[in-house]
There are 4 protein chains.
Amino acid sequence: MITKTLQSRTEVAIRFSEVDSLRIVWHGNYIKYFEDGRHDFGKTYGLSYHNIYDKGYVAPLVKVNCDYKKPLFYGDTAIVETTFIDSPAAKLIFDYKIYNKASQELVTTGQTIQVFLHLDQRLSLNIPDFFAEWKNQWLYAT
Amino acid sequence: MITKTLQSRTEVAIRFSEVDSLRIVWHGNYIKYFEDGRHDFGKTYGLSYHNIYDKGYVAPLVKVNCDYKKPLFYGDTAIVETTFIDSPAAKLIFDYKIYNKASQELVTTGQTIQVFLHLDQRLSLNIPDFFAEWKNQWLYAT
Amino acid sequence: MITKTLQSRTEVAIRFSEVDSLRIVWHGNYIKYFEDGRHDFGKTYGLSYHNIYDKGYVAPLVKVNCDYKKPLFYGDTAIVETTFIDSPAAKLIFDYKIYNKASQELVTTGQTIQVFLHLDQRLSLNIPDFFAEWKNQWLYAT
Amino acid sequence: MITKTLQSRTEVAIRFSEVDSLRIVWHGNYIKYFEDGRHDFGKTYGLSYHNIYDKGYVAPLVKVNCDYKKPLFYGDTAIVETTFIDSPAAKLIFDYKIYNKASQELVTTGQTIQVFLHLDQRLSLNIPDFFAEWKNQWLYAT
């Protein structure tokens, strides 16, 4: 089965308040940029926080990795490239590549893993039906 | 009627991530320190977020003022002095004075005003009973 | 002397991480939106952080006021309207009006006041020359 | 050569502003708690940001991992256990375990890796002398 590459590209303007005393973006703020990418991916492909909630689930993070390669500065614009990673597990996995828009340099890479909880907080051990359907629609469509 | 001064003093350690590229605390972070003071006041005097919620109310802010007099730096410890300001209105008003613990200098002053909403989001036009009782217990007690 | 109205309008997308447990934007985050407006104003009118720094000054805040009228929610887009307020003092004053883009409702108003420091941290008691020239160019031009 | 376990334990009070609309700590805030742990470790063992800077280095992060096991809530107190991980590389590596103070449950684990830059931004390929001495003093001492 051939799967498509599902990907979004999101512009993020770096705020003054996101920069630390070394005049570079404080490392923890990249987690926000990943979320900006995920938000945009969700809007593009119908897999937003609100879409998931309407189906009776929330999808909290269970893991985040972030590798810092180059700094970003106040006034820079970042491009967050968010790629859906298919998995047989009941998990939602995204890879991120953050680029400096002006230089086109890769500045950060990362990954997040989310699980599905029913609204009563029980972990969904199986892939939720809506997510299986979503994969059929977007990922495996011919 | 004589009212007591109700006041708490709260230590806050300044985080690296709270300092900006000028190496001073970014101005928006003082709003967190005010909230630290309010949190501590609430725990001390039985007027916490959870106490208010248990009585059927939330108390969102409708106003904040902040005057910056001296900077704070990474590694500093701030003292937030939170003072209850009595008012006949259905409002919760606090004054704040933030000191640098080491130098004892006054670095910031401010004020917040909160209103009471019922849990269904309706504004409480009158002082909630629990708050009137709280005032009787703490503020006017002989 | 007739002065022009100098104003910018800036779109801000509300982040998931900016919303609190009441599902509304946490009040302290509006200070970031004011800064987004100020940043955009500075880019539009040549009065950015970097412009000011290049002239030998920094302009820290000495006062912020914020009045909350309506909540904003995750997924909303805010419009920050930033207006330059002229003053004979050596101060930089901006008024802010934040609107909900979808409903056009006014959700927040506020004001910030900044002073000018030389790069050695001394307060500028007089209006810096570059700022007087900036006013002549933008504010009083016929 | 026997190495000692160098470890600190740091209390962190969860702020209202750190909790998201699911009423749990927003995942990106754990990066701050790791930094709180690192800050405390540095103060305890003489390896703070300021100690490193005084030796002519800064130590930016190149990697962070975070695994979320249980949520934390507003009002909780977290215990951040920060453990120094020895390595032959010119890197500063810490493992973190975050516990809920009340329940003693392990809520989060993580790791950060930092490199050493000279103050002119050049990467230090070798272990800085001061760091080799620090290891001799603290880690390998008999």
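**Exercise 1. How many residue pairs are in polar contact across the interface of chain D and chain C (both at pLDDT 80 or more)?**

Solution. Start with the rule: a polar contact is a pair of N or O atoms within 3.5 Å; within protein, one must be able to donate a hydrogen and the other to accept it, and residues adjacent in sequence count only if both atoms are side-chain atoms. Applied across the interface of chain D and chain C, with both residues at pLDDT 80 or more, the rule finds zero such pairs. Next, try salt bridges, meaning a side-chain nitrogen of Lys or Arg within 4 Å of a carboxyl oxygen of Asp or Glu. Between chain D and chain C the count is again zero.

A word on the ground rules before going on. This is a predicted model, where local features need pLDDT of at least 70, side-chain atom pairs count only at pLDDT 80 or more, and totals for chains, interfaces and linings use all residues. Side-chain values use heavy atoms, with hydrogens and water left out, while residues are numbered from 1 along each chain as its sequence is written, and chains are lettered from A and ligands numbered from 1 in the order in which they are written.

**Exercise 2. What does the contact between chain D and chain C consist of?**

Solution. Count residues: seven come from chain D and seven from chain C, with contact meaning heavy atoms within 4.5 Å. Then take the area: about 830 Å² is buried, 64% of it from carbon and sulfur atoms. (Buried area is the accessible area, with a 1.4 Å probe, that two parts lose on being put together, summed over both.) Sort the chain D side and you get three nonpolar, two polar and two charged residues. Here Ala, Val, Leu, Ile, Met, Phe, Trp, Tyr, Cys and Pro count as nonpolar, Asp, Glu, Lys and Arg as charged, and the others, Gly among them, as polar. Last, 100% of the interface residues of chain D are also interface residues in chain C, so the copies meet through the same surface.

**Exercise 3. Which residues and elements of chain A meet chain D?**

Solution. Chain A puts 19 residues in contact with 19 of chain D. The area buried between them is about 1,800 Å², with carbon and sulfur atoms giving 59%. Trp26(A), His27(A) and Tyr68(A) lose the most area on the chain A side, together 27% of what that side buries.

Now the polar part: eight residue pairs are in polar contact (both at pLDDT 80 or more). For elements, α1 (30-45) and β3 (61-68) of chain A each supply at least two residues; helices (H or I, at least four residues) and strands (E, at least two) are DSSP runs, numbered from the N terminus. β3(A) gives the most, with eight residues.

**Exercise 4. Where is Lys63(A) bridged to chain D?**

Solution. Two salt bridges link chain A and chain D. In one of them, Lys63(A) pairs with Asp67(D), the closest N and O atoms being 3.0 Å apart. As for the strands, β3(A) and β3(D) (residues 61-68) run antiparallel, joined by five bridges. Asp67(A) stands opposite Lys63(D) in β3(D).

**Exercise 5. How is chain A laid on chain D?**

Solution. Superpose by least squares on the C-alpha atoms of residues with pLDDT of at least 70 in both copies. A turn of 180 degrees and a shift of 0.0 Å along the axis does the job, with an RMSD of 0.0 Å. The two copies are therefore related as by a two-fold rotation axis. In chain A, the C-alpha nearest that axis belongs to Asn65(A), 2.2 Å from it.

Conventions
Two strands pair if DSSP finds at least two bridges between them.
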